[in-house]
Amino acid sequence: MQERVRLNISGMSCASCSARIEKKLSRMEGIDAANVNLATNKAVVTYDSSQIKLEQITQAIDRLGFVAREESEGNRAVGVLEDTGSKELYRLLIAAIILSAPLVLSMVLMLLGINVVLLHNPYFQLILATPIQFIIGYRFYKNAFSALRGGGSNMDVLVALGTRAAYFFSLYNLLSGKTMDIYFETSALIITLILAGKHMEAISKERTTASIKALSGLQAQSARVIRDRIEIDIPIETVKVGDIIIIRPGEKIPVDGEVIEGRSSIDESMLTGESIPVEKQPG
């Protein structure tokens, strides 16, 4: 029996993450189609329930290093909002800016030929760069490990490799006495800038989700249909082609259809932008 399910997926950080999930699901027997949307953190999967169970699908996604759960009425419109983590990103970004600012300043002063003993002290730079690398940047290591464990790669892998190379190369030179080849500011600044981008992305997602939620609130959630000569209210997802739907004055129209009886003025401003109600009649 063919079924269609919507999943909320958390942990995706770039387009390669959504592509990996789609590739994995498409290869699984019993799945007819899989579409993963990075912007909304959602996936739509069409599968044959006689060949594969929903639990197997979510477990396959979990093994890739993400967290998947079935979308419910409670999280249908707020799936993105609860996964952005903008507040946590903001705190990490502020901490990273405070710690990396002296490192950037030391680099600028060095280019200008101004020597400030404390700022150019390599051990002082090590103290500032270490928490950025391993505490503030921990999210990149975590996501990179999950990606590699799932047999793939993503942006976090590149960030982790690049910043670690700069950090440990600088640490090696420091311990070897080569204090002129120190690049702690490079690893710290890369993490800070990427966190800034992540924070702006999270804010953008939250605003988009708020708009989607506002629009979804305008949509009718149920429809009054006639079945077996009885009027019943059903969710709009269960409306079938050929159902006769009753629309009373002041109610929202839940689905497209043809007027077979009655007259009314319909507000079509959401579709056409026309503010004046349009007269509708049979046909």
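User: In this predicted model, how many residues lie between β5 and β6 in their hairpin?

Analyst: The hairpin of β5 and β6 has 2 residues between its strands. D228 sits in that turn, with a positive phi of about 60 degrees.

User: How do I read the pairing of the two strands, and how many bridges join β5 to β6?

Analyst: Strands of a sheet pair through backbone hydrogen bonds, in either a parallel or an antiparallel sense. Here β5 (residues 222-227) and β6 (residues 230-235) run antiparallel and are joined by 6 bridges. Two residue pairs let you follow the register: I226 has E231 as its bridge partner in β6, and A223 has I234.

User: Which strands stand at the edges of the sheet that holds this hairpin?

Analyst: That sheet is open, with 3 strands in the order β6-β5-β7 and antiparallel pairing. The edges are β6 and β7; each has a single partner strand, so one side of each is left without a neighbour in the sheet.

User: What is the strand order in the sheet of 4 strands?

Analyst: The order is β2-β3-β1-β4, in an open sheet with antiparallel pairing. Its edge strands are β2 (31-37) and β4 (67-70), each pairing on one side only. Neighbouring strands of this sheet are turned against each other by 25 degrees on average, direction ignored.

User: Where do helices α1 and α2 lie relative to the strands?

Analyst: Helix α1 (residues 15-26) packs on the sheet and touches β1, β2 and β3 (42-48). The direction of α1 makes about 175 degrees with that of β2. Helix α2 (residues 54-63) lies across β1, β2, β3 and β4, and runs at about 30 degrees to β1.

User: And how many bridges pair β1 with β4?

Analyst: Strand β1 (residues 2-10) pairs with β4 over 4 bridges, in the antiparallel sense. To locate the pairing in the structure, find S10, which stands opposite V67 in β4.

User: Into which domains is the protein divided?

Analyst: The division gives domain 1 (2-70), domain 2 (84-215) and domain 3 (222-280). Between the C-alpha centres of domain 1 and domain 3 the distance is 34 Å.

User: Let us turn to enclosed space. How many cavities of 30 Å³ or more does a search of the whole structure find?

Analyst: The search finds 1 cavity of that size. The largest cavity holds about 40 Å³ of space.

User: Which residues line the largest cavity, and which domains do they come from?

Analyst: The lining is made of G11, R20, L64, G65, F66, N143, S146, A147 and N154. Domain 1 (2-70) and domain 2 (84-215) each supply at least three residues. Helix α5 (residues 138-149) gives the largest share, 3 residues. By class, the lining has 3 nonpolar, 5 polar and 1 charged residues.

User: What is the volume of the largest pocket, and which residues lie nearest its centre?

Analyst: The volume of the largest pocket is about 1,600 Å³. Its lining has 38 residues, and I247, I253, P254, V255 and I266 lie nearest the centre. The elements that give two or more residues to this lining are β7 (244-245), β8 (264-266) and α8 (269-272).

User: How does the lining of the largest pocket divide by class?

Analyst: The pocket lining has 18 nonpolar, 8 polar and 12 charged residues.

How values were computed: Residues are numbered from 1 along each chain as its sequence is written. This is a predicted model: local features need pLDDT of at least 70, side-chain atom pairs count only at pLDDT 80 or more; totals for chains, interfaces and linings use all residues. Side-chain values use heavy atoms; hydrogens and water are left out. Two strands pair if DSSP finds at least two bridges between them. Axes are lines fitted to C-alpha atoms, for helices over the stretch in contact, and angles run from 0 to 180 degrees between N-to-C directions. Contact means heavy atoms within 4.5 Å. On a 1 Å grid over the protein atoms alone, a cavity is a set of points where a 1.4 Å probe fits but cannot get out, and a pocket is an open set with protein on both sides within 12 Å along at least five of seven lines; lining residues have an atom within 4 Å of a point. Grid points are joined across faces, edges and corners, and a volume is the space filled by probe spheres set on the points. Ala, Val, Leu, Ile, Met, Phe, Trp, Tyr, Cys and Pro count as nonpolar, Asp, Glu, Lys and Arg as charged, and the others, Gly among them, as polar. Domain bounds come from an automatic or database domain assignment.
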